[in-house]
Amino acid sequence: SLGAWAAKRFPPHDLVALAHMSESMAGGSSAAEGLQAELAKLQQQVTELNPQALQEEVAKLQESVQTMTLRLSEATATAAAAAAEGGARRSEAAPAPAPAPARPKIAVMSSEVVDSNPYSRLMALKRMGIVDNYERIREMAVAVVGIGGVGSVAAEMLTRCGIGRLLLYDYDKVELANMNRLFFRPEHAGMTKTDAAVRTLAEINPDVELESYTANITSVEGYELLVGSLRGGPQQEE
């Protein structure tokens, strides 16, 4: 028979290989048929496409985008105008606060720990045993020669500490170029450094006796002014 002949003609492993080959060919045929079906569907979809209808849809979308862009611009402009109007109203309703008036002079230093006492933290040095009698600072006088980068800071610190008498000597005037490192303000430009310093320091601590001497102490007249002011009290230059 044919089966007996094939069994003699082909070994068993060859028969298995032939069977696998047959199955593969059948599977490949099925895959090809599936691909042909998908291709036919795509061709049908392409055929059904209407170029004119697509152009109309694109035109509608572009019109919608333009309309939305215009509305967004109008809304943004309205919001900005409302914000500006609200800011102007707030500015009118809340003007800048007026500068605080200078505090009154304090006759006697107090060690009371309250927010309204400008000497409470300085008097703590006495409580900590660092100084025996801080109040004696009011009996002392200090002369600062040169109200520049170092002199202006020293004068300010002495004023904040409550020194009794502070004498300031300088022959120069305040310039806008001094704003980068000194405690002067732009409105002081053109004033003598000593007068401008006295104005600022008096606002910081009105308890300090401040004296302004505009003179070059290296000159004969300036030296005499220095000696006289240190010995006999305030002697403003004529």
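## Contacts around Ala197

Two residues are in contact when they have heavy atoms within 4.5 Å of each other. Keep that in mind as you look at this predicted model. Take Ala197: if you leave aside its neighbours within four places in sequence, it is in contact with Ile147, Leu168, Phe183 and Phe184.

Contacts like these also help describe the chain as a whole. Among contacts with a separation of 6 or more, 50% are between residues 24 or more positions apart.

## The overall layout

Let's step back for a moment. The chain has seven helices and three strands, and if you read along the sequence you get the pattern α-α-α-α-β-α-β-α-β-α. It holds 238 residues, and 24% of them are buried.

Now zoom in on strand S1 (residues 141-145). S1 runs parallel to S2, and five bridges join the two strands. For one place to look, find Val142, which stands opposite Leu166 in S2. Add helix H5 and you have a right-handed β-α-β unit, made of S1, H5 and S2.

## Two nonpolar cores

Here's a handy bit of background: nonpolar side chains tend to be buried together in soluble globular proteins. In this model, the largest nonpolar core has 22 residues. Which residues have the most contacts inside it? They are Leu166, Leu168, Phe184, Ala197 and Leu201, so Ala197 from the opening turns up again here.

Helix H4 (120-127), strand S2 and helix H6 (193-204) each supply at least two residues of this core. H6 gives the most, with three residues. There is also a second, separate core of six residues, including Leu167, Tyr213, Ala215 and Leu226.

## A closer look at H4

Helix H4 is worth a visit of its own. Its buried residues include Ser120, Leu122, Met123 and Ala124. What do the buried residues of H4 pack against? The answer is helix H5 (149-161). After H4 comes Gly129, which has a positive phi, near 85°.

## Rings that pair up

Searching the whole structure turns up two aromatic pairs. In one of them, the rings of Tyr169 and Tyr213 have centres 5.0 Å apart and planes at 15°; the planes are under 30 degrees apart, so this pair is stacked. The two partners come from distant parts of the chain: Tyr169 is in strand S2 (residues 165-170) and Tyr213 is in strand S3 (residues 209-214), 44 residues apart. Both Tyr169 and Tyr213 are buried.

The other pair is Phe183 and Phe184. Their ring centres lie 5.0 Å apart with the planes at 65°, which is over 60, so this pair counts as edge-to-face. Phe183 and Phe184 are both buried too. You have met them already, as contacts of Ala197.

## Ser212 and its polar partners

One last stop is Ser212, which sits in strand S3. Is Ser212 buried or exposed? Its relative accessible area is 6%, and the cut-off for buried is under 20%, so Ser212 is buried.

Its side chain has polar company. One polar contact, at 2.7 Å, is with the side chain of Thr194. Another, at 2.6 Å, joins the side chains of Ser212 and Asp195.

Technical notes:
Residues are numbered from 1 along each chain as its sequence is written. This is a predicted model: local features need pLDDT of at least 70, side-chain atom pairs count only at pLDDT 80 or more; totals for chains, interfaces and linings use all residues. Side-chain values use heavy atoms; hydrogens and water are left out. Rings of Phe, Tyr and Trp (its six-membered ring) pair if their centres lie within 6.5 Å; planes under 30 degrees apart count as stacked, over 60 as edge-to-face and the rest as tilted. Helices (H or I, at least four residues) and strands (E, at least two) are DSSP runs, numbered from the N terminus. Buried means under 20% relative accessible area, exposed over 50%, partly exposed in between (1.4 Å probe, protein chains only). A nonpolar core is a set of buried Ala, Val, Leu, Ile, Met, Phe, Trp, Tyr and Cys residues joined through side-chain atoms within 4.5 Å. Two strands pair if DSSP finds at least two bridges between them. A crossover is right-handed if, with the strands pointing away from the viewer, the path from the first strand over the helix to the second runs clockwise. A polar contact is a pair of N or O atoms within 3.5 Å; within protein, one must be able to donate a hydrogen and the other to accept it, and residues adjacent in sequence count only if both atoms are side-chain atoms.
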